[in-house]
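Me: I've got a new model open and want to walk through it with you. Can we start with the odd backbone spots?

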Amino acid sequence: MKALATLVVAGIMQLGFAHAALAQDDLAKIQSAGVLKIGTEGTYPPFTFHNTSGTLEGFDVEIGREIAKRLKVNPQFVEGKWDGLIAGIDANRYDVVINQVGITPEREKKFDFSEPYIASKAVLIVNDKNSSIKSFADLKGKKSAHSLTSNYAQIARKYGAEIVPTDGFNQSIDLVVQGRADATINDNLSFLDFKKHKPSAPVKIIATEENAEKSGVLLRKNNPQLKAAIDKALEEIKADGTYERISQKYFGADVSK
């Protein structure tokens, strides 16, 4: 009986070790490969975009590079359209998504997130000549331009808008400028950056949502070691001044506050 009990205990311990190995599998694979694959859009300035020379850059891109650096691996960015970006995690196209992914209860059912690394507010943007929309409530029956699966499209639907599908921020703004959409809802930080580069663009903010949306690094569930490593990296990035440097570069302010 004693031998049997010993075997049972040994079996339980082996299962426990196997479970632990599985739990840290993604982190172990990333460190073994020496590469952190990061899903990102590449068309969402100032977070992720291509500069005039065609190089990928942006706030989220630099945050991703810094996380990879602290994991002691190289970053590899895999670009895709927003509407399929999160699904790429399920398809194992990359290890994480860093693309201003809002932390929502619906997403948390299926995925894990790092601790929030930035917060922004949704703003309602219209053409300068538009006088019929003065608040979110005025979106009822109007055309609002969005990526179909974005949080902003959900806000627009909530207020009764008809969604005009786009590939991202720039196309949404273009449709508003052209009069093919009445409005778009988007990130206040993206809009401020847009106006900084195109001050004469005939668009304006006419309403702002009160609650700020927090964004985090999105990853597959049941990877507590990977999540802990990313959280630690983000903590270090903020503590050593790296976050503020990146923040000042793209926003002219420390957006961690």
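Reply: Sure, and keep in mind this is a predicted model. Start with Asn-92, which sits in the loop between helix H5 (87–90) and strand S5 (96–97).

Me: What's the phi of Asn-92?
Reply: Near 60°, so a positive value, and Asn-92 isn't a glycine. For background, most residues other than glycine have a negative phi.

Me: Is Asn-92 buried or exposed?
Reply: Exposed, because its relative accessible area is 54% and the cut-off for exposed is over 50%.

Me: Which loop is Gln-100 in?
Reply: Gln-100 is in the loop between S5 and helix H6 (105–108). Its phi is positive too, about 50°, and Gln-100 is not a glycine.

Me: And is Gln-100 buried or exposed?
Reply: Buried: Gln-100 has 8% relative accessibility, and buried means under 20%.

Me: What joins Pro-45 and Pro-46?
Reply: A cis peptide bond, with omega at about 0°. Pro-46 is in the loop between strand S1 (35–40) and strand S2 (49–50).

Me: OK, switching to the inside. How many residues are in the largest nonpolar core?
Reply: There are 59, and the ones with the most contacts inside that core are Leu-36, Phe-59, Ile-67, Ile-118 and Ile-185. A second, separate core has 11 residues, including Val-78, Trp-82, Phe-111 and Phe-113.

Me: What does Ile-118 touch, leaving out residues up to four places away in sequence?
Reply: Among them are Phe-47, Phe-59, Leu-189, Tyr-243, Phe-251 and Val-255. Gln-100 from earlier is on that list as well, along with Glu-213, Lys-214 and Ser-215.

Me: Leu-189 is in H9, right? Which residues of helix H9 are buried?
Reply: H9 covers residues 188–197, and its buried residues are Asn-188, Leu-189, Ser-190, Phe-191, Asp-193 and Phe-194.

Me: What covers the buried residues of H9?
Reply: The cover includes strand S7 (118–127), helix H8 (169–178), strand S10 (183–187), strand S11 (203–215) and H11.

Me: What does a side-chain oxygen of Asp-187 reach at the start of H9?
Reply: The backbone nitrogen of Leu-189, to within 2.8 Å.

Me: Last one, back to H11. Where does Thr-242 lie, and is Thr-242 buried or exposed?
Reply: Thr-242 lies in H11, which spans residues 242–251. Thr-242 counts as buried because its relative accessibility is 11%, and the cut-off is under 20%. Leaving aside neighbours within four places in sequence, Thr-242 is in contact with Glu-66, Arg-70 and Ile-237.

Key:
Residues numbered from 1 in each chain as written. Predicted model: local features only at pLDDT ≥ 70, side-chain atom pairs only at ≥ 80, totals over all residues. Heavy atoms only, no water. Helix = DSSP H or I, 4+ residues; strand = E, 2+ residues; numbered from the N terminus. Buried < 20%, exposed > 50% of the residue type's maximum accessible area, 1.4 Å probe, protein only. Contact = heavy atoms within 4.5 Å. Core = buried A, V, L, I, M, F, W, Y, C linked by side-chain atoms within 4.5 Å. Polar contact = N/O pair within 3.5 Å; in protein donor to acceptor, adjacent residues only side chain to side chain.
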